[in-house]
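Trainee: I am new to this structure. Please take me through one part of it closely, then show me what lies around it.

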Amino acid sequence: MRGVALAMVLTTACVGEIGGPAVSPPAGPRPSASPSARPSPSPTQTPQPVVLQPAGIRLLTVSQYAYTVQELVGDATIGGVGQWRSSIAAAQGGVALTAVEEYESVGRAIAQVIFGDAVRREALAGCVPAVQVADPCTLTFLAAFGRKAFRRSLTAEEMTRYTALAEGARSPVNPWRGLEIAVVALLQSPNFLYRVELGEPDPTDRTRVRFTSIEMATRLAYFLWNGPPDEALIRAAERGELLEDAPLRAQVRRMLEDPRGRRGIVAYFADLLNADNLLVLEKDPTWVPGFTPTVGPALREQLLRTVESVVFDGTGDYRDLFDTRQTFVNAELARLYDLDPAGLGRELTPVMLPASGPRAGILSLGAMMALHSGLANTSPTLRGKYVRNVLLCQKTPAPPPGVVATLPEPRPGELVTTRTLLSRHQTEPRCASCHGFMDPIGFALEAFDPIGKFRTTQNGLSIDTSGEIDGALFNDARGLGRALRDHPALLDCFTRNTYRYATGHIEAPGEEPVLSSIARASGHSVPNAFEAIAMSDGFRFAVPAEGL
Amino acid sequence: MTSFRISRRSLLRGTVQSSIGVALGLPLLDAMMNDHGTALAAGEPLPLRFGVFFWGNGSDPAQWAPAITGRGWQPSNMLQGIASVKDYINVVSGTRLAVRGVNNPHVEGAVALLAGGNPVLHPSFSGQSNDWDYLTVPGPSVDQVAADHLAGPTRFRSIVASATPVHTGAAGTSSAPGTAISYTSHAGPFVFNPPKTTPTELFAYLFGTPITPTPVGPDPAQLVRADALGAVLADARALRARLGTNDRQRLEQHMDSVRQLQSRILAAPPPMVGACAQPAEPSDPDSLRVKVKLMADLIAMGFACDLTRAFSLQLSSPASHVGYPDLFPAFVYNGTATSFHEYEHNAGIDATVQTTLKYFVELYGSVLESLKALPERDGNLLDRSCILGTTELSYGPSHGFDDMPILIGGSAGGALQYPGVHVATNGANAARVPFTALKAVGVPLTTWGRDQLVTSEPIAEILS
């Protein structure tokens, strides 16, 4: 058996590994079912003042790097590199030596491909460089390419620096070498690798900064498209339009209707749902029949296309994600789902799941089941915790100290269901408090094995899929989907998750009023939530960073 | 002990500051080349080396400490696998790792032992998932502290390798920004050093530029690469002035890596002296035992050629869920295959678990063997190395921290006792052991660690 479990299962769920003390309530009390650590103000409270979070630099995520370079050099085959896949991590995390090495080697490879090709380099530069002082082609190219790379015009100092670099590298034998090296450097500059969004004093409110019109172009583009701004957006930004409500809203709507809007919103869901982990999915094939190296990537595509179809081709209602029967399968997934694979190949095609089947909504797709399972076994605890923590923004408290780590052993020779083992675990009252919060959600999903294959028995015993969430009872996964759809914390949590993605930080208490107004403007609609966030004060304003 | 009185990094930082073009402080480079060449070739002091070998999920304290102390110790049941290099090993038993007991114990243990502190929580953590996905170190890990001190003009400040994949759910591949669950080597909080995970990858990294009998200087194409990085550094300096404290630190750390890369491009090629030779390209074996051996051999050759002087090699990450097919095709519990980690929790120390725990120590021994096999002047590489062997827990099944399993291998140029001794302590701060290892290779620290783990007291009995 080779590989890594995606997460801990069963035994470690109640041993000091859930939640953290810095934000968890003291051990002992029932888990909180209120949305998040920072509940929204109730209408009876006086309105809170808005306190925003600091402006700063945000590293391009792996996929943002890919789309940015692709559009910069006009080559859609370029893949992503970098340190972080998630928006928040990229906004706050560091860069290790390995990522720096990757940026350098990939940057050189890209430049080499372009500048080693006479047609491509002339197409990119639009001129032919000459070995002379103040060569006009060099200057024109650096200004134009630099503006696209930095998503703003180069300063005079930067022009001098890159011109000197190019002049030092070129030779009469290879006049293009100067531009090539300049591109290598530009692709590693912090002005390229980071979104520099620092703000300027807000003339209407001295306590805060506003993101400049140019910075807003970058913010909008990476939020709504997961890629760089286009020429129209940069032009609008240079005219100062992105500081004004009406032209800003016009740009936001244009961008959401653009095909890149699909890419952007799907990127958000990929981040939220950890979909990229499916690209490296590992299961033990001796215990998970049907696992192949191709199933993970296919499940990822299925998940994201299902989301895309609800958001863009269906109602756009976030809640529909939890009970939609519309999905996509290829031959391999059809077999996994006990559907007829006839006529299907490797490409995913639309399919409506049977109305009488065990499955509906994204939770019952193999993607989610695979991401929240072990190498060889399922975990109702992990699956339940995922729903609580990520989809409902609820906290699971830290387990009490000193709890016994081990599950009760099955009696010699005895084989039991996971549910039975967990039920025995819950006879320990201190474990029951947190497991009772998570496991009954996961029990409904026990009919799906570690890659989502439907099953009715485990160890030869029949599986009981009845469960409960906050008083709503259900008998199976489809019942869970309906209960989740109607759960009072669901939409609030969606707003929070999207805001976190957009701004690159977890909301602070001072941002609650911003979140409330976003929620009001969004209703149930995913695209409306993106528009409302892009128009919100939390997206357009900040406070200056500490230490300036 | 070191023959480099001034830090190369601080020099480069100063020298490269304003450089565009090839004016990159060439006199300094000449100086580094000389130093580099003569240190290994002539009668100059040889460099010291440092390493960490790490395995996940603890051991069994009941079978760890040798029965007697002092020079006459004999390997306990857990230590059977190091019998052949016993003289090169100092055992400090009975130490206690004083973790706070508030976060994931695997992370707390790894962070405490390897970075001497408590885990730091990522600012994005708000209870939305497992805390171990959001935890990192408070400062650089011990291998990086040693690397900063020892690196000198070597091409690689340190080598980071792992024989098994790190947790796939952790930083870099998912929304979870925590790094301490996967990576044992860190430059700082959240700045982890991802390992090379196969012998072929490690070979390409260390020996992709082949070692040749007559080293030549960097070619002009390489110098242009360094110039491009010079422009990047200049951009960063202009940007830095506009940033707040936190972002300034992030950018500074990023640029520190850019400087490392730049100095590697400019570094003098290593002289082919002593045991140094271009190794044959390895293949990637199925057996973890063979894989560890191949990686250790590459690292040893990296030491012999003075390509690097520090490494971190993990068999498995903290809380690892990998299996060990060298020993068992699967760890089966309640009718299904689980990982060793889960099996150990469920079954306790049974025969299967014992066999596996002994295997971890055996692989540590095989790393020491690789170093011992390469002669250097009148001894071998192990004579001038200090290699920690450890894990994040003492007792795996229920996350214990008493009687931590920690071994120190090598005699660090005479700084450590040879033959090695067994020192039994009565609950001494376990952080004293890595601190002693740093002292042994001459890291000029008077204290190491933070908070309840801070120490200024090496284990004197193992220093000579």
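Mentor: Start where two chains meet. Ile181(A), Val184(A) and Ala185(A) in helix 7 of chain A meet Val224(B), Ala228(B), Ala231(B) and Val232(B) in helix 6 of chain B. Keep in mind that this is a predicted model.

Now look at the two helices as rods. Helix 7 of chain A covers residues 177-186, and helix 6 of chain B covers residues 220-240. Their axes come within 8 Å and cross at roughly 50 degrees. Angles from 65 to 115 degrees would count as roughly perpendicular, and those under 35 as roughly parallel. Helix 7 of chain A and helix 6 of chain B are therefore oblique to each other. Their crossing is right-handed.

Next, follow Ala185(A) inward. In the largest nonpolar core, of 290 residues, Ala185(A) is among those with the most contacts. Others on that list include Ala182(A), Leu220(A), Met295(B) and Val441(B). Helix 8 of chain B, residues 288-304, gives the most to this core, with eleven residues.

Take Val441(B) from that list. Leaving aside residues up to four places away in sequence, Val441(B) touches Leu48(B), Phe50(B), Ala146(B), Leu150(B), Cys386(B) and Ala412(B). Ala146(B) is itself among the core residues with the most contacts.

Last, compare a helix elsewhere in chain A. In helix 17, residues 418-425, the residues Thr418(A), Arg419(A), Leu422(A) and His425(A) are buried. Seen down the axis of helix 17 of chain A, the buried residues fall within an arc of 115 degrees, so they line one face. Their cover includes helix 16, helix 18 and strand 7 of chain A.

Definitions and conventions: Residues are numbered from 1 along each chain as its sequence is written. Chains are lettered from A and ligands numbered from 1 in the order in which they are written. This is a predicted model: local features need pLDDT of at least 70, side-chain atom pairs count only at pLDDT 80 or more; totals for chains, interfaces and linings use all residues. A residue is buried if 20 or more other C-beta atoms lie within 10 Å of its own, exposed if 12 or fewer, and partly exposed in between; C-beta atoms are placed from the backbone. Helices (H or I, at least four residues) and strands (E, at least two) are DSSP runs, numbered from the N terminus. The arc is that of the directions from the helix axis to the C-beta atoms. Two residues are in contact if their C-beta atoms, placed from the backbone, lie within 7 Å. A nonpolar core is a set of buried Ala, Val, Leu, Ile, Met, Phe, Trp, Tyr and Cys residues joined through C-beta atoms within 7 Å. Axes are lines fitted to C-alpha atoms, for helices over the stretch in contact, and angles run from 0 to 180 degrees between N-to-C directions. Angles under 35 degrees count as roughly parallel, over 145 as roughly antiparallel, 65 to 115 as roughly perpendicular and the rest as oblique. A crossing is left-handed if the near helix is turned anticlockwise from the far one by less than a right angle, and right-handed if clockwise.
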